[in-house]
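The following exercises ask the reader to derive local and global descriptors from a single protein model. Each task is followed by a solution in steps. Please inspect the model before beginning.

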Amino acid sequence: MRFTEFNFLPNLLEGIEASNYETATPVQEQVIPPIMAGKDVIASAQTGTGKTAAFLLPVMNHLLKNHVDGQVGALIIVPTRELAIQISQHMEGLSYFTHLSSLAVYGGNDAQSFVAEKKALQMGADIIVCTPGRMIAHLNMGYVNLKGLQFLILDEADRMLDMGFQDDINKILQTLPAKRQNLLFSATMPEKIRQLAKKILHQPVEINIAISKPPEKIIQKAFVVYEPQKLPLIKKLLKETPYKNALVFCSRKQTVKQLTRELKQGGIKVAEIHSDLEQSERESVLSAFTAGRIPVMVATDILSRGIDIDTIDVVINYDVPGDGEDYVHRIGRTARADGDGSAFTLIGEKEQNKFAAIEQLLGKEVEKSVVPKELGEAPSYHPRTRSGNSGNRGPQKKFYRGAPKRR
Ligand code: AMP
């Protein structure tokens, strides 16, 4: 689903485009419409699924239309200062072409940041991202005005309860207006989260995005390369790796066509499959592939789900798939039944952040293989991940920790 289908305001769409988001992730596809319809939502979604944008975008869209001067529009409560900073940065990227203001309230040892936070809390900011303890500290001083609050969002709610923030959350709840929209995100849904949800949410829409993990027996490797190194590398892999059937994935059909041409010229027996082929053509390509007459097939993601060919023992991602779910589906085409399988991913320079997000979702780092020397020097793997700076977030405004922007 493309972002243009959500009815977002044009200046928000500009921020999405500048952040290089093309299509919505599954959690975004499921969560954005009910939030835009004004419903409370409870979603189980892990980090790496795109959950942050899933709640930020509809909230931002609403606040752009319904901004109230001098009021806090949305309060996002999170367990850690790292997450508060990260969400704030995410928001800065997405709101680049809007006038929305945001503030991360997470504490710091200096008196200066407290004063800056106090000032912004008094003057109002469209979106405040806070850790519970620091917010309580401000609330205790009596100057925070949350009367105009339209959204309450709890992110990583299970972690907050594990860290003992239940009482702090209850205290914050007491200061909020009764009429508001509530969103709760949690990686897991234990009973205590259900209890919390019962207390906070009103007839919520429940969304469950559980990502399946790839089978352990698939050997996953990745090559970190410059874009021009991909073609010689895949040729080498296809010539030197033993396989019965190798399935190569590309995100775009244009790339599928071009790569197939190049591989054919390189003497590799290969066919292509994508949405431009008629159903009968697809079937005949598939049967040639399964029968082993054509050992290599280059495909778009149309083949990443459902197809079950026992003889596929190698999957190569010529580019990094859009999200973790696609990655799992792509590599799951190998090691079917009792067979073994290997999955190689070629990570271009601009795809490092995307791959790091997938690794985060898988809960493990994929081994990086050494790029053969004859292909020249390869880049190092240096994604900007959650624990570091921002990910693939497009234009970054200077991180805002002062008073709200003037309109
Ligand atoms: P999150 O699960 O919110 O921590 O997001 C994980 C990563 O995915 C972040 O680096 C986001 O910038 C990125 N991301 C979120 N939505 C999309 C999208 N629709 N397309 C591509 N990347 C995205």
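**Exercise 1. Surroundings of T300**

Task: Determine which residues T300 contacts, leaving aside its neighbours within four places in sequence, and where T300 lies.

Solution. Step 1: with neighbours within four places in sequence left aside, T300 is in contact with F249, C250, R252, K253, V256, I273 and H274, where contact means heavy atoms within 4.5 Å. Step 2: T300 is located in the loop between β11 (296-299) and β12 (312-317); helices (H or I, at least four residues) and strands (E, at least two) are DSSP runs, numbered from the N terminus. Step 3: the relative accessible area of T300 is 9%, so T300 is buried. Here buried means under 20% relative accessible area, exposed over 50%, and partly exposed in between (1.4 Å probe, protein chains only).

Conventions: the model is predicted, so local features need pLDDT of at least 70 and side-chain atom pairs count only at pLDDT 80 or more, while totals for chains, interfaces and linings use all residues. Residues are numbered from 1 along each chain as its sequence is written, and side-chain values use heavy atoms, with hydrogens and water left out.

**Exercise 2. The chain as a whole**

Task: State how many helices and strands the protein chain has, and characterise its overall dimensions and surface.

Solution. Step 1: the protein chain has 14 helices and 14 strands. Step 2: its radius of gyration is 24 Å, close to the 22 Å that the globule rule gives for 407 residues, so the chain is as compact as a globular protein of that length. The radius is taken over C-alpha atoms, and the globule rule is 2.2 Å times the number of residues to the power 0.38. Step 3: along the principal axes, the C-alpha atoms fill a box of roughly 75 × 45 × 40 Å. Step 4: buried residues account for 53% of the 407 residues. Step 5: of the contacts between residues at least 6 apart in sequence, 79% join residues at least 24 apart. Step 6: the chain exposes about 18,300 Å², of which carbon and sulfur atoms supply 49%; the areas come from the Shrake-Rupley method with a 1.4 Å probe.

**Exercise 3. Strand β6 and its partners**

Task: Establish how many residues of strand β6 (residues 181-186) are buried, and which strands pair with β6.

Solution. Step 1: six of the six residues of β6 are buried, so the strand is largely enclosed by the rest of the structure. Step 2: in a regular strand the side chains alternate between the two faces of the sheet. In β6, Q181, L183 and F185 point one way, N182, L184 and S186 point the other way, and all are buried. Step 3: strand β1 (residues 41-44) pairs with β6 in the parallel sense over four bridges, two strands being paired if DSSP finds at least two bridges between them. Within this pairing, A43 stands opposite F185. Step 4: strand β5 (residues 151-154) also pairs with β6 in the parallel sense over four bridges, and L152 stands opposite N182. Step 5: I35, in helix α2 (residues 26-36), touches Q181 and L183 among others, including V41 and F151, with residues up to four places away in sequence not counted. I35 has 3% relative accessibility and therefore counts as buried.

**Exercise 4. Strand β8 and its partners**

Task: Determine how many residues of strand β8 (residues 218-224) are buried, and identify the residues that stand opposite Q220 and K221.

Solution. Step 1: β8 is mostly covered, with five of its seven residues buried. Step 2: β8 and strand β13 (residues 341-347) pair in the parallel sense over seven bridges, and Q220 stands opposite A343 in β13. Step 3: β8 and strand β14 (residues 367-369) run parallel and are joined by three bridges, with K221 opposite E367 in β14.

**Exercise 5. Two positive phi angles**

Task: For N7 and E156, neither of which is a glycine, give phi and decide whether each residue is buried or exposed.

Solution. Step 1: N7 has a positive phi of about 70° and is placed in the segment before α1 (10-18). Its relative accessible area is 63%, so N7 is exposed. Step 2: E156 has a positive phi of about 50° and is placed in the loop between β5 and α7 (157-162). Its relative accessible area is 8%, so E156 is buried.
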